[in-house]
Amino acid sequence: MELLEVDRIESWHAHVYFDAASRETARALRAAIEARFAGKMEMGRFHERPVGPHPRWSYQVAFAPEGFALLVPWLALNRGDLVVFVHPNTADALADHRDHAIWLGAKLDLDLSVLK
């Protein structure tokens with residue numbers, strides 16, 4: 001097994017998944033993230049359809065490696081019933097989504113064909 005150095009991680013993404021029934025919960029979590037982590041995270045669009053490899057509606061939270069210890073534990077405690085998919089960004093998008101990911105909540109099947 002090849003051991004990788006963490007300095008390969010350029011940034012992180014957290015994808016918050018939701019559907020029509022959990023839309024307002026997702027909006028409330030997004031507002032809480034924006035209020036608590038203003039200037040430390042970059043919020044992506046609120047997609048009410050699957051986008052890219054993501055199997056559900058979602059929005060992205062992008063953050064620097066030093067933001068990991070701030071955001072991910074907070075999401076673990078405050079995501080409620082929402083599923084959050086967290087992955088690093090290195091030079092290998094497929095491995096980042098398939099092999100290096102962290103799931104908060106149920107693990108879902110991604111459409112990895114878009115990353116190959």
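**Figure 1. K116, out in the segment after strand 5.** K116 sits in the segment that comes after strand 5. Is this lysine buried or exposed? K116 has 76% relative accessibility, and since anything over 50% counts as exposed, K116 is exposed. What you are looking at here, as in the other panels, is a predicted model. For a partner elsewhere in the chain, look at L94: K116 and L94 are 22 residues apart in sequence, with 6.5 Å between them in space, C-alpha to C-alpha.

**Figure 2. R98 in helix 3.** This view picks out R98, which belongs to helix 3 (residues 93–98). R98 has a relative accessible area of 44%, so it goes down as partly exposed. Pair R98 with L112 and you get 14 residues of separation in sequence, and 7.6 Å in space going C-alpha to C-alpha.

**Figure 3. P88 and what it touches.** P88 is part of strand 4. With a relative accessible area of just 4%, P88 is buried, the cut-off for that being under 20%. So who is P88 in contact with, once its neighbours within four places in sequence are left aside? The list runs I9, S11, W12, D96 and H100. Take S11 from that list: P88 and S11 are 77 residues apart in sequence, yet 6.0 Å apart in space, C-alpha to C-alpha.

**Figure 4. The largest pocket.** P88 turns up again here, as one of the residues lining the largest pocket. The rest of the lining is L4, E5, V6, R8, I9, W12, T90, H100 and I102. Sorted by class, that makes six nonpolar, two polar and two charged residues. How big is the volume of the largest pocket? It comes out at about 200 Å³. As for how such space gets found, rolling a probe the size of a water molecule over the atoms shows where empty space is left.

**Figure 5. Helix 2 and its two sides.** Zoom in on helix 2 (residues 68–78) and its buried residues are L71, V72, W74 and L75. Look down the axis of helix 2 and these buried residues fall within an arc of 165°, so they line one face of the helix. The spacing fits a general rule: an α-helix has 3.6 residues a turn, so residues three or four places apart point the same way. Which exposed residues sit on the face of helix 2 turned away from its buried side? Those are A69 and L77. The cover over the buried residues includes two pieces from early in the chain, strand 1 (11–18) and helix 1 (23–36). It also includes strand 2 (41–43), strand 3 (57–63), strand 4 (83–89) and strand 5 (102–104). After helix 2 comes G80, with a positive phi near 60°.

**Figure 6. The largest nonpolar core.** This core has 22 residues, and I33, Y59, L71 and L75 touch the most other members. Strand 1, helix 1, strand 3, helix 2 and strand 4 each chip in at least two residues. Apart from this core there is another one, of six residues, with V83, F85, W103 and L110 among them. Back to L75: not counting residues up to four places away in sequence, L75 touches A14, L29, I33, V84 and L104.

**Figure 7. G52 in its loop.** G52 is placed in the loop between strand 2 and strand 3. With 45% relative accessibility, G52 counts as partly exposed. Measuring from G52 to A14 takes you 38 residues along the chain, and their C-alpha atoms are separated by 14 Å.

How values were computed:
Residues numbered from 1 in each chain as written. Predicted model: local features only at pLDDT ≥ 70, side-chain atom pairs only at ≥ 80, totals over all residues. Heavy atoms only, no water. 1 Å grid on protein atoms, 1.4 Å probe; cavity = no way out; pocket = protein on both sides within 12 Å on 5 of 7 lines; lining within 4 Å. Points joined across faces, edges and corners; volume = space filled by probe spheres on them. Nonpolar A, V, L, I, M, F, W, Y, C, P; charged D, E, K, R; others polar. Buried < 20%, exposed > 50% of the residue type's maximum accessible area, 1.4 Å probe, protein only. Helix = DSSP H or I, 4+ residues; strand = E, 2+ residues; numbered from the N terminus. Arc of directions from axis to C-beta. Contact = heavy atoms within 4.5 Å. Core = buried A, V, L, I, M, F, W, Y, C linked by side-chain atoms within 4.5 Å.
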